[in-house]
There are 2 protein chains.
Amino acid sequence: MADDLFKALADPTRRTILDELTEKSGQTLFEICSRLAMKHRLGISRQAVSQHLAVLEAAGLVETRREGRYKFHDLNTAPLRQITERWPTTYPSGPEKGTP
Amino acid sequence: MADDLFKALADPTRRTILDELTEKSGQTLFEICSRLAMKHRLGISRQAVSQHLAVLEAAGLVETRREGRYKFHDLNTAPLRQITERWPTTYPSGPEKGTP
DNA sequence: ACCATAGGCAAGTGAGCACTTGCCTATCAA
DNA sequence: TTGATAGGCAAGTGCTCACTTGCCTATGGT
């Protein structure tokens, strides 16, 4: 459902998590937590990050794989394509297209 | 700010408005209202649509121009580009636009 | 002038969401 | 086993947001 995708992108913390996974995919929950605290100065609980990851996973933006007691989170940007497919972005390389 | 963009996309009614403006750009408020009622069976007040359009305009997705007592709303999909610029969608062969 | 049309402003309400708190399960090392 | 690490589940709280209600302004036709 497209609803899950846009709802997942609506939160700034979730977008920061996507940024972190873009920089390094395959992180664990605790790894993401400490990165958010260090780099972004986000005082956020582990449970909150876990819930964010669940929302991102429901949107298909994050995929998970378990190995022992670790759960790794991988980024999947494929669902983002349906955005520009739904509302095509007119690239400025085209000829005079009307918008001044 | 990117926050306005994703907040604007978070609501399903606003996304439907973007769909309508994609189909026909330059509609007035009442035109959008009646289209939402007819085509999408959305029982929604005029004020609600007006507030949605304000949010879309704050996000830069809709631009307006006044002519007399009419206010026309035009779609601008340019802000959507920053989404796939922020999280690049992995295309199989570089920045080509052709679908694989 | 009148009146209908097109749109704007502001306060109030209800529901959804982010976040916390607290407790529980599973895996690995000593 | 014990203890520490990695993660999950569920109820509660505060705040944001979508929508309504009501009234107001401006433009155009007759």
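Start at DNA strand C: by class, the surface near this strand has 7 nonpolar, 9 polar and 5 charged residues. Keep in mind as you click around that this is a predicted model.

Now light up the protein around DNA strand C. You should pick up 21 residues. Zoom in on the closest of them, which are Ser45(A), Ala48(A) and Gly68(A) from one chain, plus Thr28(B) and Leu29(B) from the other.

Next, colour by element. In chain A, select α4 (46-58); in chain B, select α3 (29-40), α4 (46-58) and β2 (70-75). Each of these gives at least two residues to the surface near DNA strand C. The largest share belongs to α4(A), with 5 residues.

Swing over to DNA strand D. Here, too, 21 residues surround the strand, and the closest are Thr28(A), Leu29(A), Ser45(B), Ala48(B) and Gly68(B). For the elements, pick α3 (29-40), α4 and β2 (70-75) of chain A along with α4 of chain B; these give two or more residues to the surface near DNA strand D. This time α4(B) holds the largest share, 5 residues. Sort that surface by class and you get 7 nonpolar, 9 polar and 5 charged residues.

Last stop: hide the DNA and go to where the two protein chains meet. The contact takes 19 residues from chain B and 19 residues from chain A. On the chain B side, select α1 (2-9), α2 (12-23) and α5 (81-86), each of which supplies at least two residues. α1(B) gives the most, with 4 residues. Colour this side of chain B by class to finish: 10 nonpolar, 6 polar and 3 charged residues.

Conventions
Residues are numbered from 1 along each chain as its sequence is written. Chains are lettered from A and ligands numbered from 1 in the order in which they are written. This is a predicted model: local features need pLDDT of at least 70, side-chain atom pairs count only at pLDDT 80 or more; totals for chains, interfaces and linings use all residues. A residue is near a molecule or strand if its C-beta atom, placed from the backbone, lies within 6 Å of it. Ala, Val, Leu, Ile, Met, Phe, Trp, Tyr, Cys and Pro count as nonpolar, Asp, Glu, Lys and Arg as charged, and the others, Gly among them, as polar. Two residues are in contact if their C-beta atoms, placed from the backbone, lie within 7 Å.
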